[in-house]
Amino acid sequence: MVQTTNAKYSDTFMAAALEQAELAAQRGEVPVGAVLVKDDEIIARNGNRTLELHDPTAHAEVLVIREACATLKTQRLTDCDLYVTLEPCPMCAAAISFARIRRLYFGAGDAKGGAVEHGTRFYAHPTCHHTPDVYSGLSETKASELLKKFFQLRRDQ
C-alpha cells in the first residue's frame with residue numbers, strides 16, 4: 001500500500017539523500033541519492049555510481065543496502081528506513097524487499113522507470129516476499145528539479 005504522508009518524516013534524512021544526489025550529478029551520474037537510517041541515525045549514504053564503478057547495479061539504493069548490511073553484519077534490515085530521491089526501479093524495489101527494509105520514503109515519482117507507484121508496482125504482486133511501508137512525494141519538487149536540470153544540461157551539450 002502506497003501512502004503519501006507520514007508524521008515521522010524527517011527533513012534531515014531526505015536532505016541528506018538530496019545531497020548525495022547532487023554529488024552524483026557532480027560526478028556525471030544520474031542524480032539519485034539515498035540514505036539508510038537505523039535508530040534515527042544514518043548508517044549508509046551514497047548516490048548513483050554506475051558509470052564510475054562500471055556496474056549497472058550500482059544504484060544509490062543498492063549501494064546503501066550493501067553498506068548497511070556490511071556494517072550491521074546482516075542481510076536483513078528490518079529496523080531500517082530508506083530515503084531515496086527517486087522512485088526505485090524494479091531492481092531496487094526487489095533489493096529493498098529482499099533486505100526487509102521497514103519503510104521506504106521517496107521523492108520524485110518515475111513514470112518511465114519506477115516500480116513502486118508506476119510500472120510493475122512490485123510490492124502489489126502476491127509473490128513479493130516483503131512490502132515496506134511506502135511514503136512518496138517527499139521533497140518531490142527539489143528531487144524532480146535536480147533531475148530535470150541534469151538532463152537539460154545533457155541535452156544542451
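In which strand is threonine 85 found? Select threonine 85 to begin, and it appears in strand β4, residues 80-86, where helices (H or I, at least four residues) and strands (E, at least two) are DSSP runs numbered from the N terminus. The model is a predicted one, in which local features need pLDDT of at least 70 and side-chain atom pairs count only at pLDDT 80 or more, while totals for chains, interfaces and linings use all residues. Residues are numbered from 1 along each chain as its sequence is written, and side-chain values use heavy atoms, with hydrogens and water left out.

Threonine 85 counts as buried because its relative accessibility is 2%, buried meaning under 20% relative accessible area, exposed over 50% and partly exposed in between (1.4 Å probe, protein chains only). Now show the contacts of threonine 85, not counting residues up to four places away in sequence: among them are Met14, Leu18, Val32, Gly107 and Ala143, contact meaning heavy atoms within 4.5 Å.

Next, select strands β2 (residues 33-38) and β3 (residues 41-47), which run antiparallel and are joined by six bridges; two strands pair if DSSP finds at least two bridges between them. Leucine 36 stands opposite alanine 44 in β3. The two strands form a hairpin with two residues between them, and in the turn aspartate 39 has a positive phi of about 50°.

Keep leucine 36 selected and add Leu77 and Leu104, since these three touch the most other members of the largest nonpolar core, which has 40 residues; such a core is a set of buried Ala, Val, Leu, Ile, Met, Phe, Trp, Tyr and Cys residues joined through side-chain atoms within 4.5 Å. Leaving aside neighbours within four places in sequence, leucine 77 is in contact with residues including Leu36, Ile65, Leu72 and Arg100.

Arginine 100 is the next stop, in the loop between α4 (90-98) and β5 (103-108). Most residues other than glycine have a negative phi, yet arginine 100 has a positive phi of about 60°. Arginine 100 counts as partly exposed because its relative accessible area is 22%.

Then move to serine 139, in the loop between β6 (133-136) and α5 (140-156). Phi of serine 139 is also positive, near 55°, and serine 139 is partly exposed, with a relative accessible area of 26%.
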